[in-house]
Each structure stands twice: as C-alpha cells, then as structure tokens.
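Biologist: I have not seen this structure before. Please show it, and then I will ask how the terms used for it are justified.

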Amino acid sequence: MCDQAEILAQTEAYVKEKLTGEGSGHDWWHIVRVRQNARTLCAHEQVDAFVVELAALLHDIADHKFHDGDTSVGPRLAREWLTS
C-alpha cells in the first residue's frame, strides 16, 4: 500500500495529465491554485489535510459543465481513481 505522500504524488500526476492544456479555465494551473488555498486553510483548521488535498486535486477532474450537465461523471472518475 502507498503512503499518503505517494498517493498525493500519483494523484497530482494523473490530474496534471488530464487537465494540462484544458482551455476553459479549469486547467492544471487552476488546480494548483485551489490546492494551495486548501493547504493554507488546512493550516488553520482541524481537518484531515490528506483528504482535503485529494479533494482539491480531484475537484474538477470532470466538471459537469463539460459533460452535458452530467454531475455523475466527476464523482465517478474520482471514485475510480481513488479505488485504483
């Protein structure tokens, strides 16, 4: 089983590959900014930073706006990634 740092590194690589060059503003650099904001908030709250960081990385993996309004695509892809 991977440790948390390895899981985050693998998730980062997966999301970066999927979203680099995405032209809507929901690209890799958006994820970088969201992740940094999440890390900042984690420093001031009692939360599971690992879970928050995973959520930040995966939050736009398949935004419903780009899947004909289907809100199930993003959660499905995130679940598939997390269980793999």
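**Pocket and helix packing**

Modeller: By class, 3 nonpolar, 4 polar and no charged residues line the largest pocket. The model is a predicted one.

Biologist: What makes the lining 3 nonpolar and 4 polar?

Modeller: The lining consists of Ile7, Gln10, Thr11, Trp81, Leu82, Thr83 and Ser84. Ile, Trp and Leu count as nonpolar, whereas Asp, Glu, Lys and Arg are the charged types and the others are polar. Ile7, Trp81 and Leu82 are therefore nonpolar, and Gln10, Thr11, Thr83 and Ser84 are polar.

Biologist: Which helices supply at least two residues each of that lining, and how much space lies in the pocket?

Modeller: They are α1 (4-19) and α4 (73-83). The space in the largest pocket is about 160 Å³.

Biologist: Why are α2 and α3 called roughly antiparallel?

Modeller: Helix α2 (residues 28-42) packs against helix α3 (residues 49-58) at an angle of about 160°. Angles over 145 degrees count as roughly antiparallel, so α2 and α3 are roughly antiparallel to each other. Their axes are 8 Å apart, and the crossing of α2 past α3 is right-handed.

Biologist: How do you know that α2 and α3 meet, and which residues do so?

Modeller: Contact means heavy atoms within 4.5 Å. On the α2 side are Trp28, Ile31, Val34, Arg35, Ala38, Arg39 and Cys42, and on the α3 side Ala49, Val52, Glu53, Ala56 and Leu57. By class, this contact of α2 with α3 has 9 nonpolar, no polar and 3 charged residues.

Biologist: Why are α1 and α3 called roughly parallel?

Modeller: The angle between α1 and α3 is about 10°, with their axes 10 Å apart. Angles under 35 degrees count as roughly parallel, so α1 and α3 are roughly parallel to each other. Residues of α1 in this contact include Ile7, Leu8 and Tyr14, and those of α3 include Phe50 and Leu54. The contact of α1 with α3 divides into 8 nonpolar, 2 polar and 2 charged residues.

Biologist: At what angle do α1 and α2 pack, and how far apart are their axes?

Modeller: The angle is about 145°, and the axes are 8 Å apart. Leu8, Glu12, Val15, Lys16 and Leu19 of α1 make the contact with Trp28, Ile31 and Arg35 of α2.

Conventions:
Residues are numbered from 1 along each chain as its sequence is written. This is a predicted model: local features need pLDDT of at least 70, side-chain atom pairs count only at pLDDT 80 or more; totals for chains, interfaces and linings use all residues. Side-chain values use heavy atoms; hydrogens and water are left out. On a 1 Å grid over the protein atoms alone, a cavity is a set of points where a 1.4 Å probe fits but cannot get out, and a pocket is an open set with protein on both sides within 12 Å along at least five of seven lines; lining residues have an atom within 4 Å of a point. Grid points are joined across faces, edges and corners, and a volume is the space filled by probe spheres set on the points. Helices (H or I, at least four residues) and strands (E, at least two) are DSSP runs, numbered from the N terminus. Axes are lines fitted to C-alpha atoms, for helices over the stretch in contact, and angles run from 0 to 180 degrees between N-to-C directions. Angles under 35 degrees count as roughly parallel, over 145 as roughly antiparallel, 65 to 115 as roughly perpendicular and the rest as oblique. A crossing is left-handed if the near helix is turned anticlockwise from the far one by less than a right angle, and right-handed if clockwise.
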